[in-house]
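Here is my note for you, written as numbered points. Please keep the structure open beside it and look up each place as you read.

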Amino acid sequence: MRTTYLRRLLATCRSADRGIALVGVLLLAATAVSVFSAPDAHADAPSLTVSPLTWNVIGLDSNTPATGPNRFPVGARVCNAGGAGVAANVSATFAWDSANSYIELRAGSLVSVVLGTIAAGTCVDAYFEVEVQRTALAFDTTRRYHVTATDSGSGATATTPQPRDLYVEHLISQNRNGVTSIKLNGAAIPPGGAMTLMVGNTYTIELAGYTATQGYNQLEAFINFPNTIFQTLAVSTTFTADTSNFVGSPNDKMYADGCLWDNDPNSPNYRSCIGDDGKAGGTVITTYTVKIVSGAGTSESLDSLLYDFSGSSYHYNSDFSVGARIATIVSPASVTIAKTFTPKAIAPGGTSVMTFKIANPTTEAVTGVNFADSLLGGLQVAATPAISYSGCGAGAFSPVPLGSDTAVSFVNGTLLANGTCTITVSVTGPDGTYPNTTDHLFISGSTDTGNFGQDTLVVSAAPACVAGQTLASWTVPEGTTTNPPDTAGGAPTTKASNVTTATAIANLPASTSVIASTGQGDSTSWKTWGYKTDGQYVEFVVDTSAYSLVTMNFYVANPGGANGPTSLLLSYSTGGGFTSLPTNLIPGTSFALRTQDFSGLTSTTGNTTFRLTATGANNDQNGANLDYDNISFTGCGTPLPAPSITKSFSPDPIITGATSTLTFTISNTA
C-alpha cells in the first residue's frame, strides 16, 4: 500500500502547477506510512480500515433520462490491519450524510452487509446499489454518503473518508464502448439469455467489453448485481491499454482510476484528474466471483455498463439497453431424492433392489452430491450387493457396501443439467416390516437440500400384497359421445371388485364436455373449465381400504396456455379436512403424466378423497380449460384368498361291494 501512495506522489510531482494537489498527496502518503509503521500497543487487536472501491460519478442518459442506465454500485473495501487479531463478526453499513430525493438506494437493497470474519492483513469487499430517479431534474445534483465497518466482537470500527458524495452526470451513449460477452463459469450467455444460479453456490461471471483503443482517464465496467442475491467475493479487471501510474492490469476493482481522480467535494480540483493523463481500457474483462445468498424462485434482469470520463465528457456503451441477461435463482431444494424397493414385499432370505433416484431439474450441473442411509431393524445389504450407478459422475458409495452392512453412504456425485443419478443396491432382511428413510440430501458438499427419500419393504413368508393393481380408472375411449368421467354419476371406466366406492365429482361453475380432437394416445379427452374462480375443483372418491402404497396417475394439458390455469394443487382427505401436498403443478400446453405417491396417506378402513384444484385462469369460458385423460389409481392389494377344495365320501366306511359318493367341494370366499 505504501508503494502505491508513493507512486501517486511521484506522478503528482511532475505537475509543478498542482501545488495544492501535491500537499494532499504528501499528507496521504505520510498517513499511509504512519498507519503501517507506527508501533501499536494493541498489535493483536483488530484494526479496521475502509476505502472506497467505486467511482463517485453516477448519472443518466444525457438526452433521454427516462432510458439508459440509472443503477450504480457503491463499493467499500474493509481491511483488518491489526497485528494478528481476527475481526470475527464484521458488517458494513451504508449511510446517507445529506438529503436528495433523486438519489436513493435501490428499492430492497441491503443497507447493512454481513462480511463475517476478516483475518489480520486481509480484506473483504461490500457492495451497495444506488438508483437515480429518471428525470432531468436529477442532473448535477449530489448526495453525500459514507460506509462504516464494525466488528461487533472487538468493537473495532472505521469509515470511508468524509465528506464524499455521488454526483449525477450527463452520460452520452456512444458506440466506442460496448459489451462483447458475458460468461458464466466460462460458458457464454447471449443477450436476453438466462443463467441458472443456485442459492449457496459460488460462480465466476465474466463481463468482456471494449473501449476506445487508448482507454480513458476514468473507467468503470460492471454488472448490476443486487446485494440481496449476490455477494461479490472478488473482482479482477484486465485492460489491453494501460498508461496509468495509478492502476495496473489486473486491477482488483471494477473501477480504473487512471489519472488519480479528486473526489473530495471541498477540494478546488473536485471531479478532475490530479495525477497525470494516465488511461486504462482497450479490451476490458471484468471477472466476478460471486456467491448466491438468497432469492430462490425469483428471476433478476442484469444490465451491464461500461462508462468513462475523457475529453471533459462522460460516455457509456450504446448497447446497454439490449444487453441484459436474466439470472434465474433456484433453491437447493430443487434437487430431489426418491427411494424405492422393488419388489416391495419379499420372502425371508429373498432380495429386493433398493433404488435411489436423485433428480436435478435445473439448467446447471450440480456437484458434491452426497447422502447417507441407515438400514434399520434388521434390514441389511444382500450377500451379493449388485451395486450399479447411472448418471452420477464420479459419485459412489464409500466405503463400498458389503453383505450384511447396515448403512450406505454416497459421496462425490455429479448431476448434469436436467440429469438424474440412479443408484441401486440389493438388500434383504428377516421377517418384518421396514419403513426406511434416508438422511437429507446434500449438494456442493455441505448445502442441505432438506430432501430425503423413503419407502417401506415388507419381508414375509406370505406375500403382503401385489403391487401395481388398479383400484379404479377413468378414461375417455375413442369415439365417446357421452361424458366419462361424468360428473353427475361419476362412474369409472374400470373398478376392482374389492373397491366399493369410486366416483368423480366437480364443483365447476361451467360445464364439462368430451372433446374429440385431442387426447392422450387417442383423440378424445375430458375438457373442464371454470377455473378463474378460486376453489374450483375436480374430485375423486375411492375406497382404498384394501390397498396400500396407493398412487394417483393422470394426464393433464392446458391447451389455452396463458388463458388457462396457472396452478394445479393436489390435496386429499381421509374423512377430516383436506391436506395439500407440497406440489404446485403448472400444466403445460401438451398432455403430461402426473404421478403422486400416496403411500401411508390413504384410508385403510374406508374412502379417500383426492381433489385437483386449479386457479389462475383468465376467464371461466371454454378456451381457458384443462383437459384430463387416463386418470387411474393403483396400489398394492392384499391377495384375495385362493379358492379351497375339499373332498368327502358318503357313506364312509362302506362294506365290500357297496357304493359311496365321492364329493368335491370348491369354495371361493373372496
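**Notes on the model**

1. Let us begin with one cysteine. Cys79 counts as buried, because its relative accessibility is 10% and the cut-off for buried is under 20%. Its partner is Cys123: a disulfide joins the two, with 2.0 Å from S to S. A disulfide is a covalent bond between the sulfur atoms of two cysteines. The pair links distant parts of the chain, with Cys79 in strand β3 and Cys123 in strand β7, 44 residues apart. Is Cys123 buried or exposed? Neither word fits, because Cys123 has 40% relative accessibility and counts as partly exposed. The torsion about the S-S bond of Cys79 and Cys123 is about 105°, so this disulfide is right-handed.

2. Before going further, please remember that this is a predicted model. The mean pLDDT of the chain is 87, and 88% of the residues reach 70 or more. Which residues call for caution? Over residues 1-41, pLDDT stays under 50. The model has 40 contacts beyond four places in sequence for residues 1-41. Where pLDDT is low, the predicted coordinates should not be read in detail.

3. Now for the chain as a whole. The chain has 670 residues, of which 46% count as buried. How many helices and strands does the chain have? There are 2 helices and 49 strands. About 29000 Å² of the chain is exposed, and carbon and sulfur atoms supply 54% of that area. Among contacts between residues at least 6 apart in sequence, 75% join residues at least 24 apart.

4. Strands β3 and β7, which hold the cysteines of point 1, also belong to an open sheet of 4 strands. The order is β1-β3-β7-β5, and the pairing is antiparallel. At the edges are β1 (48-52) and β5 (103-105), each pairing on one side only. On average, neighbouring strands of this sheet are turned by 30° against each other, direction ignored. Strands of a sheet pair through backbone hydrogen bonds, either parallel or antiparallel.

5. Take a look at how β3 meets β7. Strand β3 covers residues 71-80 and strand β7 covers residues 123-132; they run antiparallel, and 9 bridges join them. If you would like one place to find by eye, try Ala76, which stands opposite Ala126 in β7. These are also the two strands that the disulfide of Cys79 and Cys123 links.

6. How many disulfides does a search of the whole structure find? The search finds 3. One of them joins Cys259 to Cys273, with 2.0 Å from S to S. Both Cys259 and Cys273 lie in the loop between β17 (255-257) and β18 (280-292), 14 residues apart. The torsion about the S-S bond of Cys259 and Cys273 is about -70°, so the link is left-handed. Cys259 is buried, with a relative accessible area of 0%, and Cys273, at 17% relative accessibility, counts as buried too.

7. Another disulfide joins Cys392 to Cys421, with 2.0 Å from S to S. With 90° about the S-S bond, the link of Cys392 and Cys421 is right-handed. Cys392 lies in the loop between β28 (388-390) and β29 (396-397), while Cys421 is in strand β31 (residues 420-428), so the pair ties together parts 29 residues apart in sequence. Cys392 counts as buried at 3% relative accessibility, and Cys421 counts as buried at 1%.

8. Here is another sheet to set beside the one in point 4. In this open sheet, 3 strands follow the order β13-β22-β19, with mixed pairing. Strands β13 (194-198) and β19 (299-302) stand at the edges with a single partner strand each, so one side of each has no neighbour in the sheet. The twist averages 25° from one strand to the next. Strand β13 and strand β22 (residues 325-330) run parallel and are joined by 5 bridges. Within this pair, Thr196 stands opposite Thr328 in β22.

9. Let us finish with one residue. Ser181 sits in strand β11 (residues 178-184). Ser181 is buried, because its relative accessible area is 16%. Which residues does Ser181 touch, not counting those up to four places away in sequence? They are Glu206, Leu207, Ala208 and Arg325.

Terms used: Residues numbered from 1 in each chain as written. Predicted model: local features only at pLDDT ≥ 70, side-chain atom pairs only at ≥ 80, totals over all residues. Heavy atoms only, no water. Pairing = 2+ DSSP bridges. Axes fitted to C-alpha atoms, helices over the stretch in contact; angles between N-to-C directions. Buried < 20%, exposed > 50% of the residue type's maximum accessible area, 1.4 Å probe, protein only. Contact = heavy atoms within 4.5 Å. Areas by Shrake-Rupley, 256 points an atom, 1.4 Å probe, with all protein chains shown as cover. Disulfide = S-S within 2.5 Å. pLDDT = per-residue confidence, 0-100.
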